[in-house]
Every structure is written in C-alpha cells, then in structure tokens.
Amino acid sequence: MRKRLLSYDTETTGLYTWRGHKIFSYSVCNPVGKSTVHRLDGPWERERHNIKYLENIWSDKSLAKIMHNAKFDINMTENCLGRDLSDHKFHDTWLQACILQNHHPSNDLKSLGYELAGISVEDEDAVKPFLSYPRGYQDCPEYLMDRYQHIDAERAMLLHLFFHPKILENKNFVEIYKMERDLVLATMRMERRGIMLNKSVSVKMALEIQIDCNKLKLDFEAATGQRGIITSPKKLSWYLYKKMNYPSLKKTKEGDSVDKNTLMQLQEIVNDPCIEMILKHRSWQHGISMLNSYLELADGQGIIHPNIKTCGPDTAREACSKPNLQNVTKAGVLLNPYAISARKAFRPRPGYVNFHLDYSGIEMRILVHYSGEKYLINIIRNKGDVHVPATEIFYCDRMPWGSDFQTLRGAAKNANFAIPYGSGAPKLAKILNITLEQAHQRYTIYKCKFLRLCGLIDTIGREVGEQGYVLTIFGRRLYVAKPHAGVNYKVQGSAAGIIKRAQVRVARFLQETTGDEVQILLPIHDEIIIECSRKRLRDFYEILPKIISLMVDFPQLSVPLEVDIKVTTTNWDDKKKINKTWR
DNA sequence: ATAGGTAGCGCG
DNA sequence: AAAGCGCGCTACCTAT
C-alpha cells in the first residue's frame, strides 16, 4: 500500500507560544510535489475554510506529516487546535539529516534544499527585508510569502524522499530515528512546562553585586591609574605584560592570554592584588549579565521556557539556548572562588519539589566499557572508586594520603579523562601539578597497567581514519573531523544515547502513572531534572525505583550504571542527596 | 547600525 | 607533530 504522506510547514507571528505567538498561515505538499498555501488571516471565508482543512489534516492520525523541526510546528499546531497531537504519525527531516550527517555544516531546510536539489534561496531573500524588528513574516506581502511557503513545503517533502530511504537502510538508524521522534515530543512538553526563576532573588542578587562591582572597578582604577581597561582582555594584556612587564605564561591567537587560569598562575608569581580584582570583577560581571538575561527571558509567572535542541551537536548530544540552562553557574567550584551562583535564582514551582537524577561517572564507565580493562570493569562492578588506581600511580610519592586526598583524587580523575582523550605528558604535568619528568615516568607506568585504555586513542583514531566515523553503543554513526577526537565522540555520543532513551522511557512512564503532576523539566547531559507535585510525593518515592531501573537498563554495556538522586524545595544550588546510589 | 571574529567562561 | 571534547553566551573590537 502506498504510504500516505504530506509535508507541513507553519508560518507564525513569532517563535514562542508562551508569548502568544500564533500560526497565521501554513503550507502543505504531497509526494508528487503539489503544494498549497493556506492562510489563517485575511478574508473570513478563507480563514474558515483553511482552519477546517487544518482540522482535517490533524484528524487523520495515519496521514504522516513531514516537518523540518517538528517540535516547533507540532507545538504551534497543538496551540492552535487546542488538543494533543502526539499520537499522530510524523516525520522530521531535521532529525533525519542530523542522524545521517551529524557533521554537516548546516542541516537547515534552505541549505539542504539548495544542496540536494539546487533550490535557490531567492524566495527567502525576497521576504527577508520585511522582517526587521518588530515586524515578522505576517507583515510580508502575501504574494512573496506565498512563493516562500510553497517552496518550503516542497523542500521538506523532497528532503524526506531523499533521506528517509537512507534511514530505512540501516536497522540501527530506524531505532534511533524512532527514539529521536519520541524525544522531540517529550522535549516539547519540557519546554512548554519550563523552569521557574525566582524573580525577586534574581533582582536582588543582580543589584547587590552591581554595587560591589562598581566599587571594585573604582578601586582597580585607583590602584592601577588605568581607566576602562578592567573589562578589556586586550588592554589588560597590554597593562600586565607590557606596562608591568609580568611574564607571559600563555599565548592566544593574537597576543598574551589573560584568562582565569593564566592570571591565577601569574598571581602565584607576582602576588599583585590587582589580579585578584580582575578575576573578581569578571566573575561578578558575568553573574550580573546572566541574571539579567534570565530575568528578560522569564514569562509573567517567572517561568523560563528554554529552547532544547534534541539533535544537532556533532556528538548527538542535546543543546539548550535562550537561555542556555545547561551552563548555569553553581557555587562551590574550586576553580573559581568568586563565582556568582545563579543557580540560587532558580526554584521549584510553588507546591512542587525538584529532583535531580544524575548518572554517576557515566563517561568514565563508557570509557572503561570500550577499553575492556578487566581491572577497571571489576572496580565498577564492585562499586569501588575507579579513580583510585590513577591516584596511586600519579601520586605514588605522596602515599599514604593525608587530608588532601580528595584534591589529589580530583586531579587524578582529570588525568583519567585526559589520557584516553589524547593528552600527552606535558598536559598531564599541568593537570597533576607534577614535574614533566615525573609525568613521563608515571605515565609510562599507567600505560603498562592500562594498556588498552591508553590505546583507545589509536584504535579509535584508526577507525576514524579508515571510515571517517565512529559508532556509538547504539550503532549511531558519528562522523569525526579530527581522528584524535574519535574517542570523545564515541563516549559523548554513547552517553547522549543513554540519557535520550532514559528521557523517552521516563517521560512515557510518568505520563502513564502520574498524568501531568510529575514531569521532566530539563536534561543536562548526564542528569535529568524532574518536578513533582507535593501531593504526589508519596507516590513518587514509590515509583522512584522503577524510574531508576528505566534509566540504567542498558544491557549493551559491560559495566553497570548508577544514578544519584538529589532533591530541593528551595533553589537549584541547595539540592541535597537523598540516598546512596540506586542501580 | 550591523555583522563577524576572538577571547573568555560557564556547564557537562 | 601534538592534541581531551562538546555546547551557548557576553563582551570587546574591527570592518562594512
């Protein structure tokens, strides 16, 4: 039987349903290339007719709708029709492209249309001049929009006809594509739900720090006699290395570096209070800017609705923007004593509790899995500390350990990652704070003990050299530009595959068991944040073991996975561990 | 005014 | 030859 397909593309008054943006027109195209445009504005008769047709399209569940970035169009359409459309069959050509060509410079609709079918972007260029803020596509002349919409619908259909057969050729790709589509729907709900900013706390923090920051700037100017240089890397570089004649410890592309690490090392040598002021000012200014940007992006209730890109990064990870909630500053990071914890400005919704479920050491586990190192596999299986052997080897002269064991272990842990990712002895010496000679010597010992782990960089590098890509544990193909990055791609990509599947499973399970009172809010690479209504707390604790089992069930791994659980009723930074580990 | 590059920094 | 990698965002600076 012939597949029933229709490509579908919406034009909206903006990007955000939560800001009231709506569909004002849509276009469709059938598999033989006949496209039509349907405006929902203008003459009343036309609008009525086109709404009815929209209803028709989205009443037929077995008619597969093809979109490029389905998360956007489905969200807008659900908003327009006022009902759930998640049981509709759909395709997403963006996902298809990302799965098939992760490293492609741009998998957007227009570029691919041009590349694969020579469709020019002239239609887009024609509407562009009408888009300057605050105007949008709805303000473009209809005849120009018409052409643009026709072509966009045709582009999407074309891409599907080109890419989908290539997905079907590979059994793993079929599973990955299915999973990615499920993830799109789960993610759409996360974005819609959003995460709550504590507006009053944000404002208060930003204002207070601003005052301190202004004062600090004046102090710096008084101390150095230089004005307007504290925020400028270029001018700081001149001041420190030319005027003060301090030694340059690190170069950038065009000059001497004044980054945090370099300045802290310089401080060890010259002990100039100005350096501390620079670092303080930078951290504080960063905190202020980020807090203000969060405030600007929050809706009337203080909810932030980020854009979570489920597919697109070269390693098949997810990414988050507007704002990026995957890099919100936290307190207690050793490397930056002056950090402003913006996480303190995020809170659970009133009446809710937030749980943070994070995989403990997932990258290391995957590395060990791929290395096949029996010794390390057994440590993990027996719930031991996989970083102890490295600590023992690299700090053999500081045995037995004193009170600073955690510091040494932390450095050894960094080395454990750096080595399989291709770091050499010089880098190790820096990480571990030992001499180059010691680094060479102990690296040799490490290599003897963990030959296969150290060999990954070569074996996987060869894999890249021969075929241009690596495979993840799910058989996902990741093209890699630089062979030495192959190990990282394999590990990041496999970890990404795990947490993506975990989200799909958990989201489905939560929807089935709790309706909408317990929901996933956000993934952060090795962690998912779940909010739970206080009314359902008892139930949640009951189903927690089931959630964890869904998260760790990956038989393709030779090592077990573990999940740490933290909880907060106040703010993101004050989350507390609620139990040992679950597995 | 706007665009693009670089540096720097946050998270994983 | 030697190399950890992936993202997004702000600020500064230069060029158009």
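These are my notebook entries on a predicted protein model with DNA strands B and C.

**Entry 1: strand B**

I started with DNA strand B and listed what lies around it. I got 22 residues, and the closest are K253, K260, R282, N336 and D526. Which part of the strand does the protein meet? Sugar and phosphate make up 84% of the strand B atoms that come within 4 Å of the protein.

Next I went through polar side-chain atoms one by one. N336 has one at 2.5 Å from a phosphate oxygen of strand B. R282 also reaches a phosphate oxygen of this strand, at 2.8 Å. With R343 the partner is a sugar or linking oxygen of strand B, and the distance is 3.3 Å.

I sorted the surface near strand B by class too: four residues are nonpolar, nine polar and nine charged.

**Entry 2: strand C**

Then I did the DNA strand C side. Here I count 29 residues around the strand, with S232, K322, K427, H484 and Q492 coming nearest. Of the strand C atoms within 4 Å of the protein, 73% belong to sugar and phosphate.

For S232, I find a side-chain N or O atom 2.6 Å from a phosphate oxygen of strand C. T231 puts a polar side-chain atom 2.9 Å from a phosphate oxygen of strand C. N324 goes to a sugar or linking oxygen of strand C, 3.0 Å from a side-chain N or O atom.

Which elements supply at least two residues each to this surface? I noted α9 (233–243), α11 (273–297), β11 (319–321) and α19. By class the surface near strand C splits into seven nonpolar, 14 polar and eight charged residues.

**Entry 3: the cores**

I turned to the inside of the protein. The largest nonpolar core has 122 residues, and L357, Y359, I498 and I547 touch the most other members. Helix α19 (residues 486–514) is the top contributor to this core, with ten residues. So I've now met α19 twice, as it also supplies residues to the surface near strand C.

I picked I547 for a closer look. Leaving out residues up to four places away in sequence, I547 touches L357, V506, F509, L510 and F540. There is also a second, separate core of 22 residues, and L5, A64, F173 and C311 are among its members.

**Entry 4: helix α4**

Which residues of α4 (109–117) are buried? I get L109, K110, L112 and G113. They sit on the same side of α4, because they cover an arc of only 165° around the axis. That fits the usual geometry: an α-helix has 3.6 residues a turn, so residues three or four places apart point the same way.

What covers these buried residues? The cover includes α3 (93–100), α5 (122–127) and α6 (142–168). I also checked the end of the helix: just after α4, G118 has a positive phi of about 70°.

**Entry 5: I308**

Last stop was I308, in strand β10 (residues 307–309). Is I308 buried or exposed? Its relative accessible area is 1%, so I308 is buried.

I then listed its neighbours, not counting residues up to four places away in sequence. I308 touches K71, T187, M190, E191, E318, A319, C320, L521, L522 and P523. For M190 I also looked at the C-alpha separation: it is 8.6 Å from I308, although the two are 118 residues apart along the chain.

Key
Residues are numbered from 1 along each chain as its sequence is written. Chains are lettered from A and ligands numbered from 1 in the order in which they are written. This is a predicted model: local features need pLDDT of at least 70, side-chain atom pairs count only at pLDDT 80 or more; totals for chains, interfaces and linings use all residues. Side-chain values use heavy atoms; hydrogens and water are left out. A residue is near a molecule or strand if one of its heavy atoms lies within 4 Å of it. A polar contact is a pair of N or O atoms within 3.5 Å; within protein, one must be able to donate a hydrogen and the other to accept it, and residues adjacent in sequence count only if both atoms are side-chain atoms. Ala, Val, Leu, Ile, Met, Phe, Trp, Tyr, Cys and Pro count as nonpolar, Asp, Glu, Lys and Arg as charged, and the others, Gly among them, as polar. A nonpolar core is a set of buried Ala, Val, Leu, Ile, Met, Phe, Trp, Tyr and Cys residues joined through side-chain atoms within 4.5 Å. Buried means under 20% relative accessible area, exposed over 50%, partly exposed in between (1.4 Å probe, protein chains only). Helices (H or I, at least four residues) and strands (E, at least two) are DSSP runs, numbered from the N terminus. Contact means heavy atoms within 4.5 Å. The arc is that of the directions from the helix axis to the C-beta atoms.
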